[in-house]
Structure formats: C-alpha cells, structure tokens
Amino acid sequence: MVDDVNGAIQRPPVRMVVGISGASGAIYGARVLDALNDLGVESHLVVTKAALLTLSQETDLSADDLTSKASVVHKLADVGATIASGSFRTLGMIVAPCSVRTMGEIATGVTSSLLTRAADVTLKERRPLVLMVRETPFHLGHLRTMTALAEMGATIAPPLPAFYAKPASLMEMVDQSVGRTLDLFGLDWSAVRRWEGLK
C-alpha cells in the first residue's frame, strides 16, 4: 500500500511489534521473531519477566538467545519507547503467547507496562492486534474478556494444531500456528503448510 501525500510517495514501514507474556508457550514468540527475520520484517520486541522464566523452563533458549532474534528490544518499563506512540507506524502487534492477565489488562485499557501500552496503541490506531491466548479451559470471565477485545478490533488466535498439515514434530505444529497468525498481517511464511483440498 502506497499513499500519495502532497505529491510525495510514503511507503508504510515494514515493522512489527512482538510481545511475549508469561503464559506457557514462549516458543511461539521466539518463532514469530524467527519468521519475521526470514520475511525481512523489522521486529520490535517487549518481553515480560514471567515470559523469561517460562522460556527458561520450557526451552533451551536463554534470554540473550531470545532477544538476539529481535531487530529492536524494548525494556518492559520504558513507557517512553517508540512503540508506546501511535505516531510510530507498524504493521501491527502480535502477543505470543498471551497470558490471561495480559489479555485482561489490554481489555481494560489500564496498562501497567510497555507491552500492554503498545497493545493499547495498536488498538487505538486501528492496526491489527493478534493475541495468541494460552489458557484452557476458559471460564466465563475469560470468554467475556475475549468478546470485549474482539469488539475493540483485536483478533483472538489461540495456537491450535492443524492436523490436516500432518505435523511430524512439535516444532512443525508451532510453526504452523505462527505462520497462520502471520497470515492475518498478509505475511506469507514458507513454513506454513496450506490446505490443498481433499485427496
């Protein structure tokens, strides 16, 4: 998409905000960063302390391994960061994984960290916000929060396996979910296995 503003051609920046919160599934956020690197998209990462704890429990990645995958890393408390302003143009934001606490904070608009502030900015600027919510089962409060977010314009995209892709490993299942999430931004990652009809 190219805008002609007073005769000047303005190309939207190809950058994405990535939030990683403390829910199980930190590998989703790590693979989002890998995919954005593959696609040549600048990534702006903000990660919670709980997410780093989860990362250490669920993967062999260190905090440095994770942050080295991002183009730019923002401190969680830095509410003056570029991604805290709507004037900083992005394709949108993915929270992968998204904890219920983070989801609830975004839904209220009462943000306490850069991650939730950046998500709030994404919503107010009418940019795509995709939340890979990791929780099961959902109680009514969770469902109502998701409904409120959907009404605000967010997309709730729990990372569910696509068995038609016949994944041979857990990582293939992760990559399929990540790739389908990136589809929501018009980004086509080669790791996605597309449905080709009944055989």
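These exercises, with worked solutions, concern a predicted model.

**Exercise 1. Helix α1: span and burial**

Task: What does helix α1 reach from its first C-alpha to its last, and what is expected at 1.5 Å a residue?

Solution:
- Step 1. Take the helix limits. Helix α1 covers residues 26–39, which makes 14 residues.
- Step 2. Take the span. The helix reaches 20 Å from its first C-alpha to its last.
- Step 3. Set this against the expectation. The span is close to the 20 Å expected at 1.5 Å a residue.
- Step 4. Turn to burial. The buried residues of α1 are A26, Y28, G29, A30, R31, V32, L33, D34, A35 and L36.
- Step 5. Conclude. Ten of the 14 residues are buried, so α1 is largely enclosed by the rest of the structure.
- Step 6. Look past the helix. Just after α1, G40 has a positive phi of about 75°.

**Exercise 2. A charged pair inside α1**

Task: Which residue forms a salt bridge with D34, and is D34 buried or exposed?

Solution:
- Step 1. Find the partner. D34 bridges to R31, with the closest N and O atoms 2.8 Å apart.
- Step 2. Place the pair. D34 and R31 both sit in helix α1, three residues apart, about one turn of the helix.
- Step 3. Apply the cut-off for D34. Buried means under 20% relative accessible area. D34 is at 16%, so D34 counts as buried.
- Step 4. Repeat for R31. R31 is at 18%, so R31 counts as buried.

**Exercise 3. Two salt bridges involving α7**

Task: How far apart in the chain are R193 and E172, and how far apart are R180 and D183?

Solution:
- Step 1. Start with R193. R193 forms a salt bridge with E172, the closest N and O atoms being 3.2 Å apart. This pair links distant parts of the chain, 21 residues apart. E172 lies in helix α7, and R193 lies in the segment after α7 (170–183).
- Step 2. Check exposure for this pair. R193 is partly exposed at 40% relative accessibility. E172 is partly exposed too, with a relative accessible area of 29%.
- Step 3. Move to R180. Its salt bridge with D183 puts the closest N and O atoms 2.7 Å apart. Both residues lie in helix α7, three residues apart, about one turn of the helix.
- Step 4. Check exposure again. R180 counts as partly exposed at 42%, and D183 is partly exposed at 22%.
- Step 5. Widen the view. Salt bridges that share partners join R31, D34, K69 and D175 into one network. The structure holds eleven salt bridges.

**Exercise 4. The setting of S21**

Task: Where is S21 found, and which backbone oxygen does its side chain reach?

Solution:
- Step 1. Locate the residue. S21 is in the loop between β3 (15–20) and α1.
- Step 2. Check accessibility. S21 has a relative accessible area of 0%, so S21 is buried.
- Step 3. Find the polar partner. The S21 side chain reaches the backbone oxygen of P97 at 2.8 Å.
- Step 4. List the surroundings. Leaving out residues up to four places away in sequence, S21 touches T48, A51, V95, P97, C98, S99, T102 and L115.

**Exercise 5. Strand β7 and its neighbours**

Task: Which residues of β7 lie on each of its faces, and how many bridges join β6 to β7?

Solution:
- Step 1. Recall the pattern. In a regular strand the side chains alternate between the two faces of the sheet.
- Step 2. Sort the residues. L129, L131 and V133 are on one side of β7, V130 and M132 on the other, and all are buried.
- Step 3. Conclude on burial. Five of the five residues of β7 (residues 129–133) are buried, so the strand is largely enclosed by the rest of the structure.
- Step 4. Add one neighbour. Four bridges join β6 (residues 93–98) to β7, and the two run parallel. C98 has V133 as its bridge partner in β7.
- Step 5. Add the other pairing. β7 and β8 (residues 155–156) pair in the parallel sense over two bridges. L131 stands opposite I156 in β8.
- Step 6. Trace the connection. From β7 the chain crosses through helix α6 (residues 140–152) to β8, and this β-α-β crossover is right-handed.

**Exercise 6. Helix α5**

Task: How many residues of helix α5 are buried?

Solution:
- Step 1. Count. Nine of the eleven residues of α5 (residues 114–124) are buried, and the helix is mostly covered.
- Step 2. Name some. Among them are L114, L115, D120 and L123.
- Step 3. Look just after α5. R126 takes a positive phi of about 60° there.

Terms used: Residues numbered from 1 in each chain as written. Predicted model: local features only at pLDDT ≥ 70, side-chain atom pairs only at ≥ 80, totals over all residues. Heavy atoms only, no water. Expected span 1.5 Å × (residues − 1). Buried < 20%, exposed > 50% of the residue type's maximum accessible area, 1.4 Å probe, protein only. Salt bridge = Lys/Arg side-chain N within 4 Å of Asp/Glu carboxyl O. Polar contact = N/O pair within 3.5 Å; in protein donor to acceptor, adjacent residues only side chain to side chain. Contact = heavy atoms within 4.5 Å. Pairing = 2+ DSSP bridges. Right-handed = clockwise from strand over helix to strand, strands pointing away.
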